[in-house]
Structure formats: C-alpha cells, structure tokens
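I opened my notebook to record what I looked up in one model. My entries are short.

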Amino acid sequence: MFGTEVPLYDKSLLVNRLCNQVVVEFLSKKYQGFNLNDEQLDKTSGERHGAIRIGTPEEYRRVAGFFAAFDMEPHNFYDMTSLGGKSQPIIATAFRSRLNPEHRVFCSLLMIDSFTPDTRIRVEERLSQRQVFSDRARELVAKNQEQGGLNEADAEELVREGISQIFKWTGRAHDYRLYNELCDTGFKIAADIACFESHHLNHLTPNTFCMNLYTAAMKFCLGESDEDTFRHRAANALNWLNGVSDRDYMKLHFRHLTLEDINAYGNGCISAEDISTFTDQIVERLAVDALRLSDLNHSGFKDFTEGPPADTPILLRQDSYKALTEPVTFVEADGSTTAAVHTARFGEIEQRFYATTPEGRKLYDECLANAENVRATNPDLAKQDFDAYQDSYAASFAAFPKTLPELLKKNMVYGRYSVTTAGKQQRQEVSTTDIDALVESGLVQYEGVRYEDFLPFSAAGIFASNLGQYGTKSAAPEKPVYSKETLEQIMGRKIVDPDEIYSGIEADSLLQVYSDLNLLDKLEASEQKKLESRSAAYRSMLNEISS
Ligand code: OOG
Ligand code: NI
C-alpha cells in the first residue's frame, strides 16, 4: 500500500537492499563461512516500523484494538510535550509484539488541550466529522476482543479494512481555512492530523546494516552529492564497518545466527584495496537508471543522523529523506474544492543497537545534551564539512565505552548470558560467581540485548526537520501534565515498560547460568534476591499483558 502511495519510498527500499547486500558481501570476506541467502536478506532488510498520528482518544482506543488483533501491545510511553524547543502537542506509545518486535507502529495522539479554546473547539468539531473505522472494522475489532482472536476470513477482512481505508492516504482533506490557521500558528502537526480523512501512514522505516553507507548512497542517488563525495563517504563507511564488525556486531545484526555459528567462522581479511574495489562496485550498482531518485518528487535528505554517533553501539540511529510536498484536494462542506499541497510524509531509516540500562541511558542523555549544545554553536558544520561534523559529534560521546564487553562490564547495556560447552563440562570446579570472571575464563558467553523501542528526542528531531516547524509551544494558559496513566486510561490497556523486559531478560539469563553451574548456593543472598525480583517483575508484566 505505502510503496504504491509513495514511489520514492519504494525506490529507497531498493537502495537499502543494495547497501545491505554490499554489507553482507563485505562481511563474508571478513568472516569465512558467513553468508545470507536472498530470503534472509529480504527478511532482515524487511524489518519495519511505521508511524501514524491520531486525533481523538476514541480513535486511539480503536487503533489499540486494531493492533491487539495482531498481537501488538503498547510498549513505552513517550511524552513529546516536554522536550524543550523540540516539543510537539503529542503523547505516544508504540505497538509491537514482545516476541517478534521487528514490526512496530509509533502511534501519536494529538493533545488538543494545548490549544487556545477557540482553536480547540474547531479542531474537535473537525475530528468529530470523520469516521476512520467503518462499522465492519469496528465490529471485527470488538469480535477479536471478545473471542481473543479472529478466524482466517475475519482476519483477512480486517487487513483489507486497514489497507483500503484506515491507514490509506486519500489525498483529500477538509477545511482549508482551519488548515492554514493551524499551520500559521505553529500547529502544523495538528493540521496534518485533523484535516485529513484517515490515519494515513506518515512514514515506514526499514532497517539498515550500515547507516553511514545508506545515507551516503541516498544523497548520491538523490543527486545531492557528486560521485567523488560519495566515494569518500562510502569508503569511510566501509572502513568504519571493518573496524566495528566484531563477532558481537554479527550477532546483533544477524539475529538468526547462533553464537556457535558465529564463532565457527574463519578469519578473513579486508585490505585497503578491497575497500576501494567495494567502493567502485557500489558506485556502479547505484548509478543505474532505476535508482536515479533525483527524477522523482523529493525534498532532499537530512544532513545528519539522529541518535548516538556511529562508534557508540547503543539504542538506535535514525535518519530520513525529508517530507515530500504532495498534492491535496480540500473538499469543503458546500462541495467546493481547492487544490493545495501538504508536506508531512517522509522516509526514515534506522539501525538498532544495544538496549541501555538506566545508568547507560542517563549517560546517553547527558552526552546528547552536550552534543546538541556543540551543534548549536555551528549548525551548518554537517553541510560544510561532514568529516569534521562527525568527529565533533562523536567527541561528545567519548565517555561511552565502544564495545559490547566494555559496555556490559560498566553496566551501560543489558546482556543475555549462557553457559558454554566448556562451562557445562567444568561445572563441578567453578567457584566464583563473578560474571565477568566467568566470561573471561570461557565458561559463560554473552550477547547484547537489542533496543526495540524509540527515542523521543530523536523522534522530535525528525518531526521538526520534516514539519519545517521546530517545536510547538503550548498556547493553553496552563501546560497540562501527561503521564503513562493518561494513555492507559484512554486505551483501557496497560503499557509495557520496556526496561522491565530488558532487565528481566538479563536477570533470567543470569539465574539460569548460576543454576546451570551449581552456583546458586554460592551467590550472595542479596544478589540472588535482586535478580529474582527483576525476574518476577518481568513475569508479572507478561501475565498482565497476556490477560
Ligand atoms: C512519529 C515520530 C516517531 C520515530 O522513528 O522516532 C518515530 C511521527 O513522525 O509521527 O517514528
Ligand atoms: Ni519513525
């Protein structure tokens, strides 16, 4: 549906697949025995998140019911109203499955109490006149709720409702006067929601194995950078990839592989000559007519990536091509029409890394605030001298460890631990309960837990650069305060706290390791209690969402 609606998105998927394929070819030179077949490549490149923006609590509740039919629960609460200069009148959660988190929908709710009473009434009036869910779609959502599932025919029908109406872009809008007033008073986000007919997808976001390669490729295909610039950036990206693609990178990016698979790969080698050969090949593969994105309607690509710098493998990095200016027909109550344009739908990309602990997140937020301050002193640096910009941005995150073992040791990210074959054989002789020592002696192995959620500050940056409106001030006399409970009440559903999941996964794995190595007796009672309570919180949350 979305590929048909937005040709540039469809083409950007080809660029992404090609870059991901190059990364796989590159890594199979570095790791003898590693490869990905087409199906695995499609599946991994095919991960997505989408974003929709909802107008009223009733609509939001219905959308939550729709996603429940796909076993997608609300995860995490995002308050976009309190992000300083980047604030938007939005609160949000993201629907995803806990077990298969690869497909997610970030779902915003417009908070009209931040408008002046007059605007508020008009926005409410406008929204009360649309029916995004047909009667049949409502029926199916209710049926799913009552029965705890749908049969195949009903499920197919609900999918059809989704793509033929609920999430479909119609190109029609209503009340041009209200639209213009909202845009002019700094509430473009409200115009994007209230004047349209459906919960159209704002964007879909595929998954890249190498952000710097993809962004360079997009700028090249969009005609924003020449071949020399692209060669330079692509070669840098591949050099970087060569530096960071240790076996932990392999586990993080290719999740279908086991640690045993990865450990069995032989060591290959990438030379400077290889990098230049790969660069030549990418140029050749991108410079084809089918990928000349500059021929399509576009507004360019963002100049810098949101999130951590490339050398800090935490949370997620995101970037995007900028929102397209698309034709819209405004249809008024008297039947008259106005041809106009609307700029909101953009094309994101993301690369996911390790989930941070609260300490890790705190350090990230500090580094980010510092990086934002530095960027503000020279906002055009990314455009003028990209290498210098990247170095300067990375410098703000120097305090962060750069590899998984260091990140785990410093308790910055969550890990999932298990006993190795050697550990199983030597379980009688093990005495220490120190997890780092157990890892060092080869008895225990680990992998990082991937971050499956969103970053409100990055999201705000993306909102801002695409709306062409840097933040929105509340016009209400008193700024309302929103909490997770506000949204839970609206949906009639509990919101999952992702930190409880990440922490629970780690705690469960540690308890299992201590049990497998007969170490539970030797574990300090307080330590055991802590792990058990993290595990119990995780379990009770799982029960709560499945009931
Ligand atoms: C949602 C912004 C949030 C992300 O990737 O952080 C988001 C929106 O633009 O509606 O999608
Ligand atoms: Ni997004």
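These are my notes, entry by entry.

**Ground rules.** I am working with a predicted model, where local features need pLDDT of at least 70, side-chain atom pairs count only at pLDDT 80 or more, and totals for chains, interfaces and linings use all residues. Residues are numbered from 1 along each chain as its sequence is written, chains are lettered from A and ligands numbered from 1 in the order in which they are written, and side-chain values use heavy atoms, with hydrogens and water left out.

**Metal site.** Which residues are the protein donors of the nickel ion (ligand 2)? I found H49 (NE2), H203 (NE2) and E348 (OE), lying 2.0 to 2.2 Å from the ion. Donors are N, O and S atoms within 2.8 Å of the metal (3.2 Å for Na, K and Ca); water is not among the atoms, so sites may look incomplete. I wrote down the sequence spacing of the donor residues as H-x153-H-x144-E. H203 is in strand β7 (residues 203-206) and E348 in strand β12 (residues 347-352), so I looked up what these names mean: helices (H or I, at least four residues) and strands (E, at least two) are DSSP runs, numbered from the N terminus. The two residues are 145 apart and link distant parts of the chain. Are H203 and E348 buried or exposed? Both are buried. Buried means under 20% relative accessible area, exposed over 50%, and partly exposed in between (1.4 Å probe, protein chains only).

**Aromatic pairs.** I noted 30 aromatic pairs in the structure. Rings of Phe, Tyr and Trp (its six-membered ring) pair if their centres lie within 6.5 Å; planes under 30 degrees apart count as stacked, over 60 as edge-to-face and the rest as tilted. I looked at Y214 and F301, an edge-to-face pair with 6.4 Å centre to centre and 65° between the planes. Y214 sits in helix α10 (residues 211-221), and F301 in the loop between α14 (272-286) and β9 (316-321), 87 residues apart. Both Y214 and F301 are buried.

Next I checked Y414 and Y502, which are stacked: 6.3 Å centre to centre, 25° between the planes. Y414 lies in the loop between α18 (404-409) and β13 (415-419) and Y502 in helix α23 (residues 498-516), so this pair ties together parts 88 residues apart in sequence. Y414 and Y502 are both buried.

I also found a cluster: ring pairs link Y60, F66, F67, F70, F95, F133 and F167.
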